[in-house]
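Work through the exercises below with the structure open. Try each task before reading its solution.

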Amino acid sequence: MKKCLIVQNGFHASPSSENRYLRLKEELEKRGVATETVTTDKVVAYLTGKGDIALTCFSMPDFVLFLDKDNYVAQMLEGLGLRLFNSAESIRLCDDKMLTHIALANKGVAMPRTIASTLFYAGEDKGVFLSEIEKYLDYPIVVKGCFGSLGKEVELCSTREELFEARKRWLKLPHIYQEYISSSKGKDIRVILVGGKAVASFMRENKSDFRSNVEMGGKGKPFTPPQSYIQTAERVAEILGLDYCACDLLIGRDGEPILTEVNSNAFFAEGERVTGVDVAGAYAEYIVRNID
C-alpha cells in the first residue's frame with residue numbers, strides 16, 4: 001500500500017481549505033493510498049547539524065500531496081527524494097505573482113501590462129517611481145501584492161492620490177502594478193487543470209466588487225469558454241510544470257483570454273458545485289497513475 005503525506009497550512013483554516021483536504025484524502029484512500037497529515041505550524045523538516053535534511057516524527061511516505069505554499073518545506077521534502085504534487089519549483093513560480101508573469105513572458109500568453117515595484121529598504125520615496133508608473137499605465141491601476149490569496153491583497157486605484165497612498169502601504173513589500181482590464185470587471189473564467197489538461201471550467205462573477213474571488217463575494221456559474229481559453233490554460237500549466245492548478249483568465253475587449261493568476265493549490269468546492277465535475281477524484285486518479 002502506498003503512503004501519502006498530506007501537508008496542510010497550519011495557520012489558515014476555512015471551510016474551503018477543509019473541504020479540499022477532506023475530499024482529496026477521501027479520494028486517495030478510496031484508491032488504496034494510506035494518508036498521514038501534518039500542518040505547517042509544526043516542524044515538518046529541518047536541517048540537521050550535520051548538514052543534511054531530516055523529516056520529523058513521521059514515517060517516510062512514498063509521496064507528498066502539498067496543499068500549502070511554504071517553499072522552504074517543499075524544497076526540503078524534495079531534498080529527501082520525495083515526489084511532491086505540485087513540485088517545489090511550480091509552487092514557487094505560482095506563489096509569487098511577478099515570477100508567474102516572468103515565467104510566462106515571451107511564451108505567447110496574453111497578460112495585463114505589468115510593472116514590478118522596485119525593492120525598497122530605507123530612505124525616502126520621492127515619487128519618481130510613481131511618475132514612471134503613470135507613463136505606462138492608465139487609471140484605474142491595479143495594485144497587487146506578489147504574495148497573497150483570495151483577492152485580499154488587491155486594490156484598484158482611480159487617482160494619483162489613491163495610488164500614492166497604496167504605494168505607501170505596499171512600499172516595503174513585494175508588489176506589482178497592473179493594467180486594469182475593464183471589459184472583465186468583476187468576472188473571470190476559472191479553468192481547473194489536472195495533469196496539464198482542463199477538467200472543469202466556470203465563470204466567477206461579483207456584481208459588487210471588481211474582484212471575482214468567491215471569498216470576496218463572487219459566485220460561480222456554469223459557463224463553457226471558447227477553446228482559446230482552454231488552450232491558454234493548458235499551455236500555462238505545461239510551462240509551469242503543474243500537476244494541479246487553476247488558471248484565472250480575464251475577458252479581453254475582443255473576448256480574448258488574458259491570464260491574470262495561476263493558483264497551484266486552488267480550492268475546488270465551488271468548481272465541483274457549479275460544474276458537477278469530480279475534481280478531487282480526477283486529481284487523486286492522476287496522482288495514483290503517476291507514483292512509482
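## Exercise 1: The parallel sheet

Strand β1 (residues 3-8) runs parallel to β2, and six bridges join the two. The model is a predicted one.

**Task.** Determine the strand order of the open sheet that holds β1 and β2, and state which strands stand at its edges.

**Solution.**
- Step 1. Fix the register: cysteine 4 stands opposite threonine 35 in β2.
- Step 2. Extend the sheet. It has four strands in the order β2-β1-β5-β6, with parallel pairing.
- Step 3. Find the edges. β2 (34-39) and β6 (83-85) each have a single partner strand, so one side of each lacks a neighbour in the sheet.
- Step 4. Add the twist, which averages 25° from one strand to the next.
- Step 5. Add the helices. Helix α1 (residues 15-30) packs on the sheet and touches β1, β2 and β5 (63-67). The direction of α1 makes about 180° with that of β1. α9 also packs on the sheet, touching β5 and β6, at about 165° to the direction of β6.

## Exercise 2: A tyrosine in α9

**Task.** Decide whether tyrosine 286 is buried or exposed, then list its contacts beyond four places in sequence.

**Solution.**
- Step 1. Locate the residue: tyrosine 286 lies in helix α9 (residues 279-289).
- Step 2. Apply the cut-off. Buried means under 20% relative accessible area. Tyrosine 286 has 13% relative accessibility, so it counts as buried.
- Step 3. List the partners. Leaving aside neighbours within four places in sequence, tyrosine 286 contacts Arg83, Phe85, Val194, Gly195 and Asp243.
- Step 4. Pick out the polar contact: the side chains of tyrosine 286 and aspartate 243 meet at 2.7 Å.
- Step 5. Check the sequence separation. Glycine 195 is 91 residues from tyrosine 286, yet their C-alpha atoms are 6.8 Å apart.

## Exercise 3: Helix α4

**Task.** Explain why α4 counts as largely enclosed, and describe what lies at its start and just after it.

**Solution.**
- Step 1. Count the buried residues. Six of the eight residues of α4 (residues 97-104) are buried, so the helix is largely enclosed by the rest of the structure. They are Lys97, Met98, Thr100, His101, Ala103 and Leu104.
- Step 2. Name the surroundings. These buried residues pack against α3 (88-95), β7 (114-116), β8 (141-145), β10 (175-179), α7 (227-240) and β15 (257-263).
- Step 3. Take one residue. Threonine 100 has a relative accessible area of 3% and is buried. Beyond four places in sequence, threonine 100 touches Leu93, Cys94, Leu240 and Val262. A polar atom of its side chain lies 2.5 Å from the backbone oxygen of leucine 93.
- Step 4. Look at the start. A side-chain oxygen of aspartate 96 comes within 3.0 Å of the backbone nitrogen of methionine 98.
- Step 5. Look past the end. Asparagine 106, in the loop between α4 and β7, has a positive phi of about 65° although it is not a glycine. With a relative accessible area of 84%, asparagine 106 is exposed.

## Exercise 4: The antiparallel sheet and a pocket

**Task.** Give the strand order of the antiparallel open sheet, place its helices, and identify the element that gives the most to the lining of the second largest pocket.

**Solution.**
- Step 1. Order the four strands: β7-β10-β8-β9, with antiparallel pairing.
- Step 2. Mark the edges. β7 and β9 (154-157) have a single partner strand each, so one side of each is without a neighbour in the sheet.
- Step 3. Inspect one pair. β8 and β10 are joined by five bridges in the antiparallel sense. Lysine 144 stands opposite isoleucine 176 in β10.
- Step 4. Place the helices. Helix α5 (residues 128-136) lies across β7, β8 and β10, at about 165° to β7. Helix α6 (residues 160-170) lies across β8, β9 and β10, at about 155° to β9.
- Step 5. Turn to the second largest pocket, which holds about 200 Å³ of space. Its lining includes Arg113, Glu134, Tyr139, Pro140 and Ser182. α5 gives the most, with three residues.

## Exercise 5: Cis peptide bonds

**Task.** Where do the cis bonds that lead into asparagine 86 and proline 140 lie?

**Solution.**
- Step 1. Recall the background: most peptide bonds are trans.
- Step 2. Take the bond from phenylalanine 85 to asparagine 86. It is cis, with omega near -5°. Asparagine 86 sits in the loop between β6 and α3.
- Step 3. Take the bond from tyrosine 139 to proline 140. It is cis, with omega near -5°. Proline 140 sits in the loop between α5 and β8.

Technical notes. Residues are numbered from 1 along each chain as its sequence is written. This is a predicted model: local features need pLDDT of at least 70, side-chain atom pairs count only at pLDDT 80 or more; totals for chains, interfaces and linings use all residues. Side-chain values use heavy atoms; hydrogens and water are left out. Buried means under 20% relative accessible area, exposed over 50%, partly exposed in between (1.4 Å probe, protein chains only). Contact means heavy atoms within 4.5 Å. A polar contact is a pair of N or O atoms within 3.5 Å; within protein, one must be able to donate a hydrogen and the other to accept it, and residues adjacent in sequence count only if both atoms are side-chain atoms. Two strands pair if DSSP finds at least two bridges between them. Axes are lines fitted to C-alpha atoms, for helices over the stretch in contact, and angles run from 0 to 180 degrees between N-to-C directions. On a 1 Å grid over the protein atoms alone, a cavity is a set of points where a 1.4 Å probe fits but cannot get out, and a pocket is an open set with protein on both sides within 12 Å along at least five of seven lines; lining residues have an atom within 4 Å of a point. Grid points are joined across faces, edges and corners, and a volume is the space filled by probe spheres set on the points.
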